Amino acid sequence: MRGGQRLAVLLVATAACLLALGAPAFAHAVLEHSTPPAGSVLKQSPDELSLTFGESVIASSQAIRLYDDHLGEVPLGDVTHPAGRGDVVVAAVTHRLHPGT
């Protein structure tokens, strides 16, 4: 191979590697909606939290975290996909929160 051909092959190989390594950066689901809405102050503790994403996501016990007014993590109940909807994750709020948190 001549120098120009080697350089072209190297550039193509480098571009292919960068594209392959860069692809996971686009693999993050975007949160489109939440109930209760993000940043809201509630008069009473909700029974559940619901998150709607722009694509299907995995529902796991670590998928949603809830914090109280003292920034302590609040344990949640089951985390599920309601009605089999992969783009929605719901978690039961099993511990009551103080009003206004």
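The paragraphs below lead through a predicted model, from its overall fold to its core, its pocket and a few backbone details.

The protein chain contains one helix and six strands, and when these elements are read along the sequence they follow the pattern α-β-β-β-β-β-β, with the helix placed ahead of the strands. Of the 101 residues in the protein chain, 21% count as buried, and the chain exposes about 7,400 Å², of which carbon and sulfur atoms supply 62%. If contacts in the protein chain are restricted to residues at least 6 apart in sequence, 49% of them join residues that are at least 24 apart.

Four of the strands form an open sheet in the order β1-β2-β6-β5, with antiparallel pairing. The edges of this sheet are β1, which spans residues 31–35, and β5, which spans 79–80, and each of these edge strands pairs on one side only. Starting from the β1 edge, four bridges join β1 to β2, the strand of residues 48–53, and the two run antiparallel; within this pairing, L31 has F53 of β2 as its bridge partner. Moving further across the sheet, five bridges join β2 to β6, again in an antiparallel arrangement, and here E48 stands opposite A92 in β6.

How much of β2 is covered? Five of the six residues of β2 are buried, so that the strand is mostly covered by the definition of buried as under 20% relative accessible area. The involvement of β2 in the interior can be followed in the largest nonpolar core, which has 12 residues: L49, L51, F53, V57, I64, L66, V74, V79, V89, A91, V93 and L97. The elements that give two or more residues to this core are β2 and β6, the latter covering residues 88–92, and the largest share, three residues, comes from β2. In soluble globular proteins, nonpolar side chains tend to be buried together.

One of the core residues, V89, offers a convenient point from which to look around the interior. When its neighbours within four places in sequence are left aside, V89 is in contact with L49, S50, L51, F53, V57, A59, A63, I64, V79, T80 and H81. Among these contacts is A63, which is found in the loop between β2 and β3. A63 and V89 are 26 residues apart in sequence, but their C-alpha atoms are 8.1 Å apart in space. With its neighbours within four places in sequence set aside, A63 is in contact with I58, V79 and V89. Is A63 buried, partly exposed or exposed? A63 is partly exposed, because its relative accessible area of 36% lies between the limits of 20% and 50%.

The largest pocket holds about 390 Å³ of space. It is lined by 20 residues, and the closest of them to its centre are P36, L49, R65, L66 and Y67. Three strands, β1, β2 and β3 (66–67), each supply at least two residues of this lining. Two of the residues closest to the pocket centre, L49 and L66, also appear in the largest nonpolar core.

P36, also among the residues closest to the pocket centre, brings in the backbone geometry, since a cis peptide bond with omega of about -5° joins T35 and P36. P36 itself is found in the loop between β1 and β2. Two further residues deserve attention for their phi values. L71 has a positive phi of about 65° although it is not a glycine, and its place is in the loop between β3 and β4, the strand of residues 73–74. A83, likewise a residue other than glycine, has a positive phi near 55°, and its place is in the loop between β5 and β6. Most residues other than glycine have a negative phi, and most peptide bonds are trans, so a reader may wish to look at such exceptions individually. Why does L71 count as exposed? L71 is exposed because its relative accessible area, 72%, is over the 50% limit. A83 also counts as exposed, because its relative accessibility is 84% and the limit is again 50%.

Key
Residues numbered from 1 in each chain as written. Predicted model: local features only at pLDDT ≥ 70, side-chain atom pairs only at ≥ 80, totals over all residues. Heavy atoms only, no water. Pairing = 2+ DSSP bridges. Buried < 20%, exposed > 50% of the residue type's maximum accessible area, 1.4 Å probe, protein only. Contact = heavy atoms within 4.5 Å. Areas by Shrake-Rupley, 256 points an atom, 1.4 Å probe, with all protein chains shown as cover. Core = buried A, V, L, I, M, F, W, Y, C linked by side-chain atoms within 4.5 Å. 1 Å grid on protein atoms, 1.4 Å probe; cavity = no way out; pocket = protein on both sides within 12 Å on 5 of 7 lines; lining within 4 Å. Points joined across faces, edges and corners; volume = space filled by probe spheres on them.
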